[in-house]
Amino acid sequence: MTVTAQSPAAPTAAPAPTAPADDRPPQFTFRRLTVSASRRLTPHLVRVTFTGDDLRGFVTAAPDQYVKVFFPHGGRSRPDLPPPIEGDTTSWYRTYLAMPDDVRPPMRTYTVRAFRPERRELDIDFVLHPDGGPASTWAAGADAGDEVALMGPHGLYAAPEDSAWQLLVGDESAVPAIAAILEQLPADACARVFIEIGDPADRLDLSCPAADIDVRWIVRNPGAYGDAVLDAVRAADLPAAAPYAWLAGEAELVKFARRHLVRDLGVDKRAITFTGYWRRGRSEEDVGRDGLARAASVQAD
Ligand SMILES: Cc1cc2nc3c(=O)[nH]c(=O)nc-3n(C[C@H](O)[C@H](O)[C@H](O)COP(=O)(O)OP(=O)(O)OC[C@H]3O[C@@H](n4cnc5c(N)ncnc54)[C@H](O)[C@@H]3O)c2cc1C
């Protein structure tokens, strides 16, 4: 069942599903999915496979494509959803936040690790992190038959075809996107990859059609998110030509990696895609509310 058409005016606890509208952007459709399988890839990474007829019409955006995942609110078996999005798609997040606290489903952002349209299946790899928010906690116990909803996808990776080489930097949360990016590289691509992990057992075999690939797994200095991987990037003997760079992971890691590329290596800012995937000590909802508050204060000035 694909939920798409309902007035966005009044948030309700459990909006009635309605028929899909053909002219609605598929990225702004809520899709209800069911877990069909779950397995540990490493001690801190679990792959959850989702299935459902709602995957009809799911479009592919980019190798690092991501979706918003809605989890059931405590004690419920399925997530209540905000009113289906119509017209102005930019207001959907405010509408979501306006849902009553006791029904609003926790929502978090995740990469689509793989999508198999012919089987109506989609994989998401969840990091099981020590600060255990609703998504990580849900994923640790995910079981066949569990229900979520998702909205998306959108993607950011945009390497120009003539890039001499690519630099990919991230932490555990970026492993699914990095793996998907590597899989789609052409055979003649050149990439240097730096991934910071907390546990050496979280290394994965990242297969890739390109021959000139160097993947370095860097073990984090305990508690010092980003320091070890930044040191490794700074010390690396990188190709001399200008790269396309893709940076994702903890927000400070991303900020300092980008700063190094721009200030020390002279990389063109336009050749860098960077995304703070999470922020230490702040939940994704905290970060979203911070962003809205900042936007409101800028408008008020
Ligand atoms: C575009 C995009 C794609 C993403 N893709 C993935 C993906 O494929 N797989 C994935 O696992 N994550 C991915 N993330 C990151 C994920 O959305 C966040 O880690 C999210 O905060 C997890 O939600 P939570 O409910 O577990 O924790 P929250 O409730 O959001 O946070 C609770 C606490 O946990 C801390 N925390 C959150 N994430 C981590 C972490 N990874 N390591 C250590 N501490 C953490 C927070 O700082 C906070 O203190 C992606 C983020 C974005 C923006």
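These legends walk through several close-up views of a predicted model.

**View 1. The parallel sheet and the order of its strands.** Here we look at an open sheet built from 5 strands, which follow one another as β11-β10-β9-β12-β13 with parallel pairing. At its edges sit β11 (212-219) and β13 (272-278), each of which pairs on one side only. On average, neighbouring strands of this sheet are turned by 10° against each other, direction ignored. A useful place to zoom in is the pair formed by β9 (residues 166-171) and β10 (residues 190-197), which run parallel and are joined by 6 bridges. To find your bearings in this pair, start from Q166, whose bridge partner in β10 is A191.

**View 2. Helices against the parallel sheet.** Which strands does helix α3 lie across? Helix α3 (residues 175-183) lies across β9, β10, β11, β12 (244-250) and β13, and it runs at about 155° to β9. Helix α5 (residues 251-264) also packs on the sheet, where it touches β9, β12 and β13. The direction of α5 makes about 155° with that of β12. Turning back to α3, 8 of its 9 residues are buried, so this helix is largely enclosed by the rest of the structure. The buried residues of α3 are V175, P176, A177, I178, A179, A180, I181 and L182.

**View 3. Strand β7 and its two antiparallel partners.** How many residues of strand β7 (residues 121-127) are buried? The count is 7 of 7, and the strand is mostly covered. E121, D123, D125 and V127 point one way from β7, while L122, I124 and F126 point the other way, and all are buried. Strand β3 (residues 45-51) runs antiparallel to β7 and is joined to it by 7 bridges; within this pairing, T51 has E121 as its bridge partner. Strand β6 (residues 114-116) is also antiparallel to β7, with 3 bridges between them, and F115 stands opposite L122 in β7. Together β6 and β7 make a hairpin with 4 residues between the strands. Do take a look at R120 in the turn, which has a positive phi of about 50°.

**View 4. The antiparallel pair β4 and β5.** Strand β4 (residues 66-70) pairs with β5 in the antiparallel sense over 5 bridges. One match to pick out is V69, whose bridge partner in β5 is R108. Strand β5 (residues 107-111) has 4 of its 5 residues buried, so it is largely enclosed by the rest of the structure.

**View 5. Tyr225 in its loop.** Y225 is found in the loop between β11 and α4 (227-235). Is this residue buried or partly exposed? Y225 has a relative accessible area of 22%, above the 20% under which a residue counts as buried, so it is partly exposed. Leaving aside its neighbours within four places in sequence, Y225 is in contact with P130, E196, R220, W278 and R280. Y225 and E250 lie 25 residues apart in sequence, with their C-alpha atoms 7.4 Å apart in space.

**View 6. The second largest pocket.** About 270 Å³ of space lies in this pocket. Its lining has 15 residues, and A159, P160, E161, Q166 and P186 lie nearest the centre. By residue type, the lining divides into 10 nonpolar, 3 polar and 2 charged. Q166 links this view with the first one, as it is the bridge partner of A191 in β10.

How values were computed: Residues numbered from 1 in each chain as written. Predicted model: local features only at pLDDT ≥ 70, side-chain atom pairs only at ≥ 80, totals over all residues. Heavy atoms only, no water. Pairing = 2+ DSSP bridges. Helix = DSSP H or I, 4+ residues; strand = E, 2+ residues; numbered from the N terminus. Axes fitted to C-alpha atoms, helices over the stretch in contact; angles between N-to-C directions. Contact = heavy atoms within 4.5 Å. Buried < 20%, exposed > 50% of the residue type's maximum accessible area, 1.4 Å probe, protein only. 1 Å grid on protein atoms, 1.4 Å probe; cavity = no way out; pocket = protein on both sides within 12 Å on 5 of 7 lines; lining within 4 Å. Points joined across faces, edges and corners; volume = space filled by probe spheres on them. Nonpolar A, V, L, I, M, F, W, Y, C, P; charged D, E, K, R; others polar.
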